[in-house]
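Visitor: I am new here, and I would like to learn how the labels are earned. Could you show me the structure and let me ask about them?

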Amino acid sequence: MNERFTPELGILDEARQATMIDTYCLLSLDIKRLILLGDEYQLSLHKNNHYNSLQISPLEILDYSNKIPKIILTHNYRMSKEIQEFNQVLTYRNRLCTGN
């Protein structure tokens, strides 16, 4: 059997932390659709403060294009209320809700 595995859908979680090399590996499976999950406000992977096209995340590239639709999840279930309140003002512009 020499059949190649070709999934219909690929999901890349924590895509803000992925590199383009990670993405290319997933795309090499000839998938038809790719879903990127990640936090656009999470720190990126840029190393040594210089631009390297293979170290930039796929979410950063898509953020610059403004051509891909985004869905923003507003309910957070993973952080304490105190940390969330700090992040609300600092990063998320009061868009998060506690998921209790």
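Visitor: Which residues is Ser57 in contact with, leaving aside its neighbours within four places in sequence?

Guide: They are Ala15, Arg16, Ala18 and Met20. Contact here means heavy atoms within 4.5 Å. Ser57 itself lies in the loop between β2 and α2. Before we go on, please note that this is a predicted model, where local features need pLDDT of at least 70 and side-chain atom pairs count only at pLDDT 80 or more, while totals for chains, interfaces and linings use all residues. Residues are numbered from 1 along each chain as its sequence is written, and side-chain values use heavy atoms, with hydrogens and water left out.

Visitor: Why is Ser57 called buried?

Guide: A residue is buried when its relative accessible area is under 20%, exposed when it is over 50%, and partly exposed in between (1.4 Å probe, protein chains only). Ser57 has a relative accessible area of 1%, so Ser57 is buried. Across the chain, buried residues make up 24% of the 100 residues.

Visitor: What makes Leu9 partly exposed?

Guide: The relative accessible area of Leu9 is 41%, so Leu9 falls in the class between the two cut-offs. Leu9 has its place in strand β1. On that strand, Leu9 and Ile11 form the uncovered face, while Gly10 and Leu12 form the covered one.

Visitor: How do you know what counts as a helix or a strand?

Guide: Both are DSSP runs, numbered from the N terminus: helices are H or I with at least four residues, and strands are E with at least two. By that rule the chain has 3 helices and 4 strands. From the N terminus on, they run β-α-β-α-β-α-β.

Visitor: What makes β1 and β2 a pair?

Guide: Two strands pair if DSSP finds at least two bridges between them. Strand β1 (residues 9-12) and strand β2 (residues 33-36) are joined by 4 bridges, so they meet the rule, and they run parallel. Ile11, for instance, has Ile35 in β2 as its bridge partner. Between these strands the chain passes through helix α1 (residues 20-27), in a right-handed β-α-β crossover. Right-handed means that, with the strands pointing away from the viewer, the path from the first strand over the helix to the second runs clockwise.

Visitor: Why do Leu9, Ile11, Ile35 and Leu37 count as a patch?

Guide: Patches are made of residues with over 30% relative accessible area and no salt bridge; like charges are joined within 9 Å, and nonpolar side chains (Val, Leu, Ile, Met, Phe, Trp, Tyr) within 5 Å. Leu9, Ile11, Ile35 and Leu37 make a nonpolar surface patch of about 330 Å². For Leu9, the value of 41% is over the 30% that the rule asks for, so Leu9 passes that part.

Visitor: What makes Glu8 and Lys32 a salt bridge?

Guide: The rule asks for a side-chain nitrogen of Lys or Arg within 4 Å of a carboxyl oxygen of Asp or Glu. In this pair the closest N and O atoms are 3.6 Å apart, so the pair qualifies. Glu8 lies in the segment before β1 and Lys32 in the loop between α1 and β2, so the pair ties together parts that are 24 residues apart in sequence. Both residues are exposed. The count by this rule comes to 1 salt bridge.

Visitor: What is notable about the phi of Glu14?

Guide: Most residues other than glycine have a negative phi. Glu14 is a residue other than glycine, yet its phi is near 55°, a positive value. Glu14 is found in the loop between β1 and α1, and is partly exposed at 34% relative accessibility. Asp30 also has a positive phi, of about 60°, although it is not a glycine. Asp30 is found in the loop between α1 and β2.

Visitor: Why is Tyr77 called exposed?

Guide: Its relative accessible area is 62%, which is over 50%, so Tyr77 is exposed. Tyr77 has its place in the loop between β3 (75-76) and α3 (81-92). The C-alpha atoms of Tyr77 and Thr98 are separated by 6.4 Å, with the two residues 21 residues apart along the chain.

How values were computed: Areas by Shrake-Rupley, 256 points an atom, 1.4 Å probe, with all protein chains shown as cover.
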